[in-house]
Amino acid sequence: MIENAVLIKQGAEARVYTAPFLTRTAIIKERFPKTYRHPILDNKLTTRRVTQEARCLFKCYRSGVDTPVLYFVDIENNAIYMEFVKGKTLKDLISEMGEWSSSKYEELTTKIGVALAKMHSADVIHGDLTTSNLLLRESNNSLVVIDFGLSYISSLPEDKAVDLYVLEKTFLSTHPNSESMFTSILDIYKNNYKASKDILSKLAEVRLRGRKRSMVG
Ligand code: AMP
């Protein structure tokens with residue numbers, strides 16, 4: 001057990017805590033064993049997942065995307081220690097957006113499009129791009145990408161297109177009238193990522209598949 005840790009989320013695969021770490025506050029994400037799996041295999045798979053999350057987080061950070069700073073990986077306890085980022089989620093920001101000026105709106109869509117372009121240029125697929133996993137850092141208004149728990153490395157346009165599709169779906173399902181915002185984000189993404197042409201045509205295919213699937217049920 002981590003000293004003075006406060007549980008903030010109990011998920012299906014991991015517990016997330018805040019706790020003091022040296023002179024700062026850290027987020028600690030601890031994956032726990034799955035009892036239905038053989039313990040040796042389970043530990044191997046969990047450790048692989050923890051390493052992959054830390055690797056993707058760091059790769060993204062190194063490619064110039066603002067992410068929580070990786071403090072420490074505790075392989076023995078399958079835990080990742082990272083910077084606690086104080087800020088608002090994109091989800092909350094969108095619900096406040098009624099009062100926003102067009103320049104503030106443009107600033108935000110630009111930040112998101114640029115961050116996604118940098119992340120995909122580094123071949124990091126986030127795997128769970130939702131408006132809850134994008135934060136605006138309180139100290140400097142920088143756009144921070146969090147939760148690399150389902151992330152992996154891939155250079156395939158299809159994987160990047162699905163990543164964008166997941167974000168598009170959360171936009172359209174949870175934020176009414178946000179289509180234009182997502183369109184602006186895609187424009188910025190395109191202008192900041194030379195290889196985006198194939199990804200955007202794949203996105204059109206993925207959308208079509210999604211639509212067919214929802215029609216069939
Ligand atoms: P996760 O399972 O990584 O999505 O974490 C669960 C929740 O903890 C997130 O939805 C955030 O609200 C919060 N959280 C995770 N990582 C951070 C972080 N580095 N800084 C601040 N809050 C975080």
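# Briefing: ligand site, domains and cores

A nitrogen atom of the ligand is 2.9 Å from a polar backbone atom of Glu83. This comes from a predicted model, and the same caution applies to every value below. The domain assignment divides the protein chain into domain 1 (6-83) and domain 2 (87-216), and the points that follow take up the ligand, the domains, the cores and then some individual residues.

**The ligand and its surroundings**

- The ligand is surrounded by 13 residues, of which the closest are Lys9, Lys29, Glu83, Val85 and Asp147.
- In addition to the backbone of Glu83, which has a polar atom 2.9 Å from a ligand nitrogen, the side chain of Lys29 has an N or O atom lying 2.9 Å from an oxygen atom of the ligand.
- The side chain of Asp147 likewise has an N or O atom at 2.8 Å from an oxygen atom of the ligand.
- Taken on its own, the ligand has 470 Å² of accessible area, and the protein covers 82% of that area.

**Asp147 and Leu22, two residues with positive phi**

- Most residues other than glycine have a negative phi.
- Asp147, which is not a glycine, has a positive phi of about 60°, and this residue sits in the loop that runs between strand E9 (143-145) and strand E10 (152-153).
- Asp147 has a relative accessible area of 23%, and therefore counts as partly exposed, since the partly exposed class lies between the limits of 20% and 50%.
- Leu22 also has a positive phi, near 50°, in a residue other than glycine, and its place is in the loop between strand E2 (14-21) and strand E3 (24-31).
- Leu22 counts as exposed because its relative accessibility is 78%, and the exposed class begins over 50%.

**How the two domains meet**

- The C-alpha centres of domain 1 and domain 2 are 23 Å apart.
- Contact between them involves 16 residues of domain 1 and 19 residues of domain 2.

**The nonpolar cores**

- The largest nonpolar core holds 43 residues, and the members that touch the most other members are Ile112, Leu116, Met119 and Met181.
- Helix H3 (residues 102-121) supplies the largest share of this core, with 6 residues.
- At least three residues of this core come from each of domain 1 (6-83) and domain 2 (87-216).
- Another core, of 7 residues, lies apart from the largest one, and its members include Tyr17, Ala19, Ile28 and Ala79.
- When neighbours within four places in sequence are left aside, Leu116 is in contact with Leu129, Leu164, Leu167, Ile185 and Tyr189.

**Leu167 and His126, two buried residues**

- Leu167 belongs to helix H4 (residues 157-174), and it counts as buried because its relative accessibility is 0%.
- Not counting residues up to four places away in sequence, Leu167 touches Leu116, Leu129, Thr130, Thr131, Leu134 and Phe182.
- Leu167 and Arg24 stand 143 residues apart along the chain, and their C-alpha atoms are separated by 31 Å.
- His126 is placed in the loop between strand E7 (124-125) and strand E8 (134-137), and its relative accessibility of 0% is why it counts as buried.
- The side chain of His126 reaches the backbone nitrogen of Asp128 at 3.0 Å.
- Once residues up to four places away in sequence are set aside, the residues that His126 touches include Met119, itself among the members of the largest core that touch the most others, and Asp147, one of the residues closest to the ligand.
- Others that His126 touches, again not counting residues up to four places away, include Asn133, Val145, Ile146, Phe148, Leu150, Ser151 and Asp163.

**Val6 and Leu45, two partly exposed residues**

- Val6 is part of strand E1 (residues 6-10), and with a relative accessible area of 47% it is partly exposed.
- Leaving aside neighbours within four places in sequence, Val6 is in contact with Val16, Tyr17 and Thr18.
- The C-alpha atoms of Val6 and Val16 are separated by 8.4 Å, although these residues are 10 apart along the chain.
- Leu45 lies in helix H1 (residues 39-62), and its relative accessibility of 32% means that it counts as partly exposed.
- Leu45 and Met97 are 52 residues apart along the chain, with 42 Å separating their C-alpha atoms.

Notes: Residues numbered from 1 in each chain as written. Predicted model: local features only at pLDDT ≥ 70, side-chain atom pairs only at ≥ 80, totals over all residues. Heavy atoms only, no water. Core = buried A, V, L, I, M, F, W, Y, C linked by side-chain atoms within 4.5 Å. Buried < 20%, exposed > 50% of the residue type's maximum accessible area, 1.4 Å probe, protein only. Helix = DSSP H or I, 4+ residues; strand = E, 2+ residues; numbered from the N terminus. Domains from an automatic or database assignment. Contact = heavy atoms within 4.5 Å. Near = heavy atom within 4 Å. Polar contact = N/O pair within 3.5 Å; in protein donor to acceptor, adjacent residues only side chain to side chain. Areas by Shrake-Rupley, 256 points an atom, 1.4 Å probe, with all protein chains shown as cover.
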